[in-house]
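Biologist: Please take a close look at one part of this model, the sheet. Set it in the context of the whole chain.

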Amino acid sequence: MSSSLIVTTIIHGLGIGLAFAATGYTFVSLWAVLKGHRAPVWSDIGARHPRPVTVLKPLHGAEPRLYENLRSFCMQQHPDYQLIFGVRDPDDAAIAVVQRLQSEFPQLGITMVIDSRVYGANFKVSNLLNMVAHAKYDWLVLADADIRVATDYLTRVTAPLADPGVGIVTCLYYGIPGPSFWSRLGRLFIDDWFAPSVRLSHAFGSTRFAFGSTICLRRDALQAIGGFEALRDILADDFWLGELTRRAGLRTVLSDVVVGTDVNESQLKDLWTHELRWLRTIRSLAPWGFAMTFVCFTTPLLLLGLCLAPGAITATIALFGGAARVLIHFLQRRTDDQALPWHEVLLVPLRDVLMLMEWAAALAGWQVRWRGQVLHARGGGSAP
């Protein structure tokens, strides 16, 4: 066999292999998404006798739709809960939003903590440390400022904490796009890639995750891992809050509750910076797994496979892979959001190509930008 024929055969085999890998991953992800939709409902466990809950909401600036998001936490059907909002800067624009809610819901006794003390490199954790001193109850819920929830959220999401073997409860989330084109691409990052990848990991038994969208835990579990002080110099504080409770022998529960999160990026550079921070953080937590995530980016891999190995076999594989990718897109859409047009599916190829480019960029460094800070994804302190 001539050397040129050997090279041609290798290239053809590589093309079929790439198409098969991308299609295989997409089909397994589709299975995990369908399995997640049929998962047992944890919310019934302990929901009949809900415990008092303290909600900690660290804030930073008046983000778009902040009032609507925070107001959703004021509308809870839960019988007894405390809301604590916290900022570091006494001139933070979020304070006016909280004051508006305090006037609108005087019966809730909303607490506003303004405390500039810093305990480490992670300013959010410093904010939480200042806030938790004001918590009245032993069941705690942490949720980022850009999260929007339904009225039964607190009762459902805290129910698993009645089991003493549970360390934390966390939630997946879906994207709520703003008016810009780039925010719609950002929503697809969350709905079409991130959430299915978590569903897939969970379907194979992993609970090695925790998300800032929601983390519920008991005060005794927090104290067992050394409190928020243990996280003060860590960038991925939400992940490590779960990881440390798992190391303490407690379980992580992925709630059946899915909450909404705002996607507000109006420019490509903002979207790129935000998603690159996510990807480099993921890489720091699971470097070998992250190196193989290129198979997740269905469209460019199928096209590359077709280019390397044109023919009926590769085309058939690509057809099945593309169909599964489109089906995941529609399964992940939130039908209660009428702002999402059906033709948004045409953005899927662009979204996959952009993710592949971001993945490659994430392999090339560790620096991330977060709320005015330049941090090192592996260590959490200020990057050199």
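Modeller: A contact here means heavy atoms within 4.5 Å. On that basis, residues 24 or more positions apart supply 81% of the chain's contacts with a separation of 6 or more. Bear in mind that this is a predicted model.

First, the setting. The chain holds 13 helices and 10 strands. Its radius of gyration is 22 Å, which agrees with the value near 21 Å for a compact globule, given 384 residues. Along the principal axes, the C-alpha atoms fill a box of roughly 80 × 50 × 45 Å.

Now the sheet. It is open and built from 8 strands. Read across, the order is S3-S2-S1-S4-S7-S6-S8-S5. The pairing is mixed. Strand S3 (111-114) and strand S5 (147-148) are the edge strands, and each pairs on one side only.

Go inside the sheet, to S4 and S7. Strand S4 covers residues 139-142, and strand S7 covers residues 215-218. The two run antiparallel, joined by 4 bridges. Within this pair, Leu140 stands opposite Leu217 in S7.

Back to the whole chain, starting with burial. Of the 384 residues, 52% count as buried. The chain exposes about 17100 Å². Carbon and sulfur atoms supply 61% of that area.

Last, charge. There are 35 positive and 32 negative side chains. The centres of the two sets lie 4 Å apart.

Notes: Residues are numbered from 1 along each chain as its sequence is written. This is a predicted model: local features need pLDDT of at least 70, side-chain atom pairs count only at pLDDT 80 or more; totals for chains, interfaces and linings use all residues. Side-chain values use heavy atoms; hydrogens and water are left out. The radius of gyration is taken over C-alpha atoms; the globule rule is 2.2 Å times the number of residues to the power 0.38. Buried means under 20% relative accessible area, exposed over 50%, partly exposed in between (1.4 Å probe, protein chains only). Accessible areas come from the Shrake-Rupley method with a 1.4 Å probe; for residues, only the protein chains shown count as cover. Lys and Arg count as positive and Asp and Glu as negative; His and the chain ends are not counted. The place of a charge is taken as NZ of Lys, CZ of Arg, CG of Asp or CD of Glu. Two strands pair if DSSP finds at least two bridges between them.
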